[in-house]
Every structure is written in structure tokens, then in C-alpha cells.
Amino acid sequence: MIMPIIPSHQDPMEIVRGLIRTIPDWPKPGVMFRDITPLLQDPRAFRALIDIFVYRHMRQRIDLVVGI
């Protein structure tokens with residue numbers, strides 16, 4: 001039996017959003033930099049993020065995935 005990584009009473013989006021830091025005025029004034037490092041360092045939150053991606057796109061036909 002596979003146990004859920006996120007308890008059912010917690011919203012995965014809130015877990016993810018709570019770990020994305022906003023750094024105002026970096027690298028220049030007026031820019032709001034979003035730092036995802038804390039999200040990547042938290043295994044449960046990273047798993048929640050992957051689950052969100054899968055759920056959002058599971059019914060679509062994806063022909064190509066591009067990454068840096």
C-alpha cells in the first residue's frame with residue numbers, strides 16, 4: 001500500500017506556494033524574483049509539486065517536453 005506523501009487535510013498548492021520566496025527589487029528595482037530553492041530542498045513539497053504537474057496534464061496528449 002502506498003501512503004500519500006501529503007496529508008489529505010493539506011492543500012498541495014498551499015504547501016508549494018508557502019515555500020516560494022519573493023525577493024523584491026532583485027536583480028533590479030521593480031523586479032519580483034521568485035526563489036524556488038526552498039521548494040527544491042523539501043522532498044515532500046517537491047513531491048507535491050510533481051503531483052500537481054501530473055494531475056494538471058494527465059489528460060493531455062504531450063508530444064514533446066523541453067527543458068534547460
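## Overall layout

In what order do the elements of the protein run from the N terminus on? The order is α-β-β-α-α, which fits the tally of three helices and two strands. Keep in mind as you look around that this is a predicted model.

The protein has 68 residues, and 13% of them count as buried. About 6200 Å² of the protein is exposed, with carbon and sulfur atoms supplying 61% of that area. As for contacts along the chain, take those with a separation of 6 or more: residues 24 or more positions apart account for 36% of them.

## How H1 meets H3

Two packed helices are described by the angle between their axes and the distance between the axes. Here the pair to look at is H1, residues 12–19, and H3, residues 43–57. Their axes come within 9 Å and cross at roughly 125°. That angle makes H1 oblique to H3, and the crossing is left-handed.

Which residues do the meeting? On the H1 side you'll find Pro12, Met13, Ile15, Val16 and Leu19. Across from them, H3 brings Ala45, Ala48, Leu49, Ile52 and Arg56. Sorted by type, the residues of this contact come out as nine nonpolar, no polar and one charged.

## A closer look at Val16

Val16 is a good residue to click on next. Val16 sits in helix H1 and has a relative accessible area of 6%, so it counts as buried, the cut-off being under 20%.

What is Val16 in contact with, once its neighbours within four places in sequence are left aside? The list is Leu39, Ala45, Ala48, Leu49 and Ile52. Among these, Ala45, Ala48, Leu49 and Ile52 also belong to the H3 side of the helix contact. For Ala45 there is a backbone distance too: its C-alpha atom is 5.8 Å from that of Val16, although the two residues are 29 apart along the chain.

## The loop between the strands

Now move to the loop that links strand E1 (21–24) and strand E2 (32–35), where Pro27 is found. The peptide bond leading from Trp26 to Pro27 is cis, with omega near 10°.

Asp25 lies in the loop between E1 and E2 as well. Its phi is near 60°, a positive value in a residue other than glycine. Is Asp25 buried, exposed or partly exposed? Its relative accessible area is 47%, so Asp25 is partly exposed; a residue has to be over 50% to count as exposed.

Key
Residues are numbered from 1 along each chain as its sequence is written. This is a predicted model: local features need pLDDT of at least 70, side-chain atom pairs count only at pLDDT 80 or more; totals for chains, interfaces and linings use all residues. Side-chain values use heavy atoms; hydrogens and water are left out. Axes are lines fitted to C-alpha atoms, for helices over the stretch in contact, and angles run from 0 to 180 degrees between N-to-C directions. Helices (H or I, at least four residues) and strands (E, at least two) are DSSP runs, numbered from the N terminus. Angles under 35 degrees count as roughly parallel, over 145 as roughly antiparallel, 65 to 115 as roughly perpendicular and the rest as oblique. A crossing is left-handed if the near helix is turned anticlockwise from the far one by less than a right angle, and right-handed if clockwise. Contact means heavy atoms within 4.5 Å. Ala, Val, Leu, Ile, Met, Phe, Trp, Tyr, Cys and Pro count as nonpolar, Asp, Glu, Lys and Arg as charged, and the others, Gly among them, as polar. Buried means under 20% relative accessible area, exposed over 50%, partly exposed in between (1.4 Å probe, protein chains only). Accessible areas come from the Shrake-Rupley method with a 1.4 Å probe; for residues, only the protein chains shown count as cover.
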